[in-house]
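Subject: Structure handover

Hi there,

Here is the structure I promised to pass on to you. Have a look at it first, and then read on for my notes on what turned up.

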Amino acid sequence: MIQGGRYNIGSPESFGPGEIRAVNAGGEIVAVVNVDGDFYAVADTCTHAEASLSEGDLDGHTIACPLHGAEFDVKTGEVLALPATSPIETFPVDIEDGNLIVTIP
């Protein structure tokens with residue numbers, strides 16, 4: 001069961017540049033990415049074939065699904081390349097007291 005709320009997912013330093021990592025935030029598995037020190041969180045499941053986006057590739061703000069290559073913008077969730085046609089959900093990430101906080105609605 002997914003619980004909305006704010007979740008501490010670790011320190012910014014624990015996420016290397018260009019890293020994608022799946023984390024559990026209240027029952028929601030999100031892919032957290034570090035793009036040049038800016039942090040984004042998106043639903044970890046591709047909307048096309050339910051593959052884990054955290055196992056894909058990151059190129060700038062574009063995350064690519066490892067299964068069929070669908071691409072999404074990690075800032076907006078927008079689909080950038082087929083075969084996906086539906087965007088992925090995005091979640092706010094804040095830095096508070098030296099911790100990354102993901103907010104799940």
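Cys65 has a relative accessibility of 5%, so Cys65 counts as buried. Before I go further, please keep in mind that this is a predicted model. The structure holds 0 disulfides. Cys65 is therefore in none, and the nearest cysteine sulfur belongs to Cys46, 3.8 Å away; a disulfide would need the two sulfur atoms within 2.5 Å. Cys46 is likewise in no disulfide, with the sulfur of Cys65 as its nearest cysteine sulfur. Is Cys46 buried or exposed? Cys46 counts as buried, because its relative accessibility is 2%.

Next come the salt bridges, which you may want to look at with the side chains switched on. The count comes to 3 salt bridges. Arg6 and Asp94 meet in one of them, at 3.9 Å from N to O. Arg6 sits in strand β1 and Asp94 in strand β10 (residues 93–96), so this pair ties together parts that are 88 residues apart in sequence. Glu96 also forms a salt bridge with Arg6, and here the closest N and O atoms are 2.3 Å apart. With Glu96 in strand β10 and Arg6 in strand β1, the pair ties together parts that are 90 residues apart in sequence. Put together, Arg6, Asp94 and Glu96 are linked in a network of salt bridges.

How exposed are the members of that network? Arg6 is partly exposed, with a relative accessible area of 45%. Asp94 counts as partly exposed at 32% relative accessibility, and Glu96 counts as partly exposed at 33%.

A little more on Glu96, since you may want to set up distances around it. The side chains of Glu96 and Arg6 also make a polar contact, at 2.3 Å. Leaving out residues up to four places away in sequence, Glu96 touches Arg6 and Ile101. Glu96 and Asn8 are 88 residues apart in sequence, while their C-alpha atoms are 9.1 Å apart in space.

Glu19 and Arg21 form a salt bridge as well, with their closest N and O atoms 3.1 Å apart. Glu19 is partly exposed, at a relative accessible area of 25%, and Arg21 is partly exposed too, at 26%.

Arg21 comes up again around Ser54. Where is Ser54 placed? Ser54 is in the loop between β4 (38–43) and β5 (57–59). Its relative accessible area is 16%, so Ser54 is buried. The side chains of Ser54 and Ser52 are joined by a polar contact of 2.9 Å. Not counting residues up to four places away in sequence, Ser54 touches Ile20, Arg21, Ala22, Ala31 and Asp44.

Here is one for anyone who cares about charges. Which side chain of opposite charge is nearest to Asp73? That is Lys75, at 5.1 Å, and Asp73 is buried yet has no salt bridge. The reasoning is short: a salt bridge needs the nitrogen within 4 Å of the carboxyl oxygen, so a nearest opposite charge at 5.1 Å leaves Asp73 without one. Asp73 is found in strand β7 (residues 71–73). With neighbours within four places in sequence left aside, Asp73 is in contact with His61, Glu78 and Leu80.

Last, the aromatic rings. How many aromatic pairs does the structure hold? There is 1 aromatic pair. Phe15 and Phe39 form this pair, which is edge-to-face, with 6.2 Å from centre to centre and 75° between the planes. Phe15 lies in the loop between β1 (5–10) and β2 (20–25) and Phe39 in strand β4, 24 residues apart, and the pair links these distant parts of the chain. Both Phe15 and Phe39 are buried.

If you only have a moment, I would open three views. One shows Cys46 and Cys65, neither of which is in a disulfide. Another shows the salt-bridge network of Arg6, Asp94 and Glu96. The third shows Asp73, buried and with no salt bridge.

Happy to talk any of this through with you.

Best wishes

Methods. Residues numbered from 1 in each chain as written. Predicted model: local features only at pLDDT ≥ 70, side-chain atom pairs only at ≥ 80, totals over all residues. Heavy atoms only, no water. Buried < 20%, exposed > 50% of the residue type's maximum accessible area, 1.4 Å probe, protein only. Helix = DSSP H or I, 4+ residues; strand = E, 2+ residues; numbered from the N terminus. Polar contact = N/O pair within 3.5 Å; in protein donor to acceptor, adjacent residues only side chain to side chain. Contact = heavy atoms within 4.5 Å. Lys, Arg positive; Asp, Glu negative; His and termini not counted. Phe/Tyr/Trp six-rings, centres within 6.5 Å; stacked < 30°, edge-to-face > 60°.
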